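Here are my comments on the model you sent round. They are numbered so that you can reply point by point.

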Amino acid sequence: MSPSAHPLAGVLAWVARLISGVQVRWEGVPPEAHQRVYFANHSSHLDFVVLWSALPVEIRTRTRPVAARDYWEKGLLRPYLAGRVFRAALIERGDRTAAPGEGVAAGRTLIDRLLEALGEDGSLIVFPEGTRGTGEEVGSFKSGIYHLARRKPDLEFVPAYLENLNRVLPKGEVLPVPLLCTVTFGPPLRLRAEETRQSFLERARAAVCALRRR
């Protein structure tokens, strides 16, 4: 059973589409309302909002963005939007100073958190680069989606490429600049039997890169 949408969800989705002028393409994958992980390149704080708004409403209401707790818990408005409207799964950014054992434990906690957010029939939006890039190149992927796929091997991973979002809200800016952008969704991936972490992450990154318009 899909959760009910917050009254502001439709309004914010409309505003996000208006500001970004987003054009949505589904290439080799239909927009279906079953459990998936949508994963994309990351170059702007608007990424998850625009990707979320690009989903049909029946999919959007059951899809939770995964976002950085330290950004979305600041102030009064962001926590409300993250928790009540987007229903975001807020996670801690990785601690580069953590000891190896602490890093492993934190990783397991993260995957447990994502599985909890997925539930029985929900979907997620994730950004496997882990941090914002320049918008020119897609960085290497962190291992989280691989471990998520190992824990839930039947889960579909749908790649998406966000184009021009780095110019709509450049790093360090507060107000968005209205520009046209594109969200392209591609054919879903699943973890193959005996597939290594490196192979899956490289295949997933290549799937995102292949959606970039030339």
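**Notes on the fold**

1. Start with strand 7. Its two faces are both covered. Thr182 and Thr184 are buried on one side, and Val183 and Phe185 are buried on the other. The split fits a general pattern: side chains in a regular strand alternate between the two faces of the sheet. Keep in mind throughout that this is a predicted model.

2. Which strands pair with strand 7? Strand 1 runs parallel to strand 7, and four bridges join the two. Strand 6 (residues 156-163) pairs with strand 7 (residues 182-185) in the antiparallel sense, also over four bridges. Thr184 is a useful marker here. Arg25 stands opposite Thr184, and so does Tyr161.

3. Now the whole sheet. It is open, has seven strands and follows the order 1-7-6-2-5-3-4. The pairing is mixed. From one strand to the next, the twist averages 20 degrees.

4. Why do strands 1 and 4 each have one side without a neighbour in the sheet? Strand 1 (23-26) and strand 4 (89-91) stand at the edges, and each has a single partner strand, so one side of each is left without a neighbour.

5. The chain as a whole has nine helices and seven strands. Of its 214 residues, 45% are buried. Take the contacts between residues at least 6 apart in sequence: 75% of them join residues at least 24 apart.

6. Helix 2 deserves a close look. Eight of its eight residues are buried. The list is Asp47, Phe48, Val49, Val50, Leu51, Trp52, Ser53 and Ala54. Note that Asp47 and Ser53 are among the buried residues.

7. How does helix 2 pack against helix 1? The angle between helix 1 (residues 9-20) and helix 2 (residues 47-54) is about 110 degrees, and their axes are 9 Å apart. That angle makes helix 1 roughly perpendicular to helix 2. Helix 1 contributes Ala9, Leu12, Ala13, Ala16, Arg17 and Ser20 to the contact. Helix 2 contributes Val49, Val50, Trp52 and Ser53. By class, the contact has seven nonpolar, two polar and one charged residues.

8. The largest nonpolar core has 33 residues. Those with the most contacts inside this core are Phe48, Leu51, Trp72, Phe86, Ile125, Val183 and Phe185. Several elements supply at least two residues each: helix 1, strand 2 (36-40), helix 2, helix 4 (69-72), helix 5, strand 6 and strand 7. Helix 2 gives the largest share, six residues. In general, nonpolar side chains tend to be buried together in soluble globular proteins.

9. Phe48 is a good place to inspect that core. Leave aside its neighbours within four places in sequence. Phe48 is then in contact with Pro65, Ala67, Trp72, Phe86, Ile125 and Phe127. Another core lies apart from the largest one. This other core has 28 residues, among them Phe39, Val66, Ala89 and Val208.

10. Ala89 also turns up next to helix 6. Ala117, in helix 6 (residues 100-118), is 28 residues from Ala89 in sequence, but their C-alpha atoms are 6.5 Å apart. Is Ala117 buried or exposed? At 8% relative accessibility, Ala117 counts as buried, because the cut-off for buried is under 20%. Beyond its neighbours within four places in sequence, Ala117 is in contact with Arg64, Ala89 and Leu124.

11. Two backbone angles should be checked by eye. Most residues other than glycine have a negative phi. Arg87 has a positive phi, near 55 degrees. Arg87 lies in the loop between helix 5 (77-85) and strand 4. Its relative accessibility is 24%, so Arg87 counts as partly exposed.

12. Glu194 is the other one. Phi of Glu194 is positive too, near 65 degrees. Glu194 sits in the loop between strand 7 and helix 9 (197-209). With 77% relative accessibility, Glu194 counts as exposed.

Technical notes: Residues numbered from 1 in each chain as written. Predicted model: local features only at pLDDT ≥ 70, side-chain atom pairs only at ≥ 80, totals over all residues. Heavy atoms only, no water. Axes fitted to C-alpha atoms, helices over the stretch in contact; angles between N-to-C directions. Parallel < 35°, antiparallel > 145°, perpendicular 65-115°, else oblique. Contact = heavy atoms within 4.5 Å. Nonpolar A, V, L, I, M, F, W, Y, C, P; charged D, E, K, R; others polar. Pairing = 2+ DSSP bridges. Buried < 20%, exposed > 50% of the residue type's maximum accessible area, 1.4 Å probe, protein only. Core = buried A, V, L, I, M, F, W, Y, C linked by side-chain atoms within 4.5 Å.
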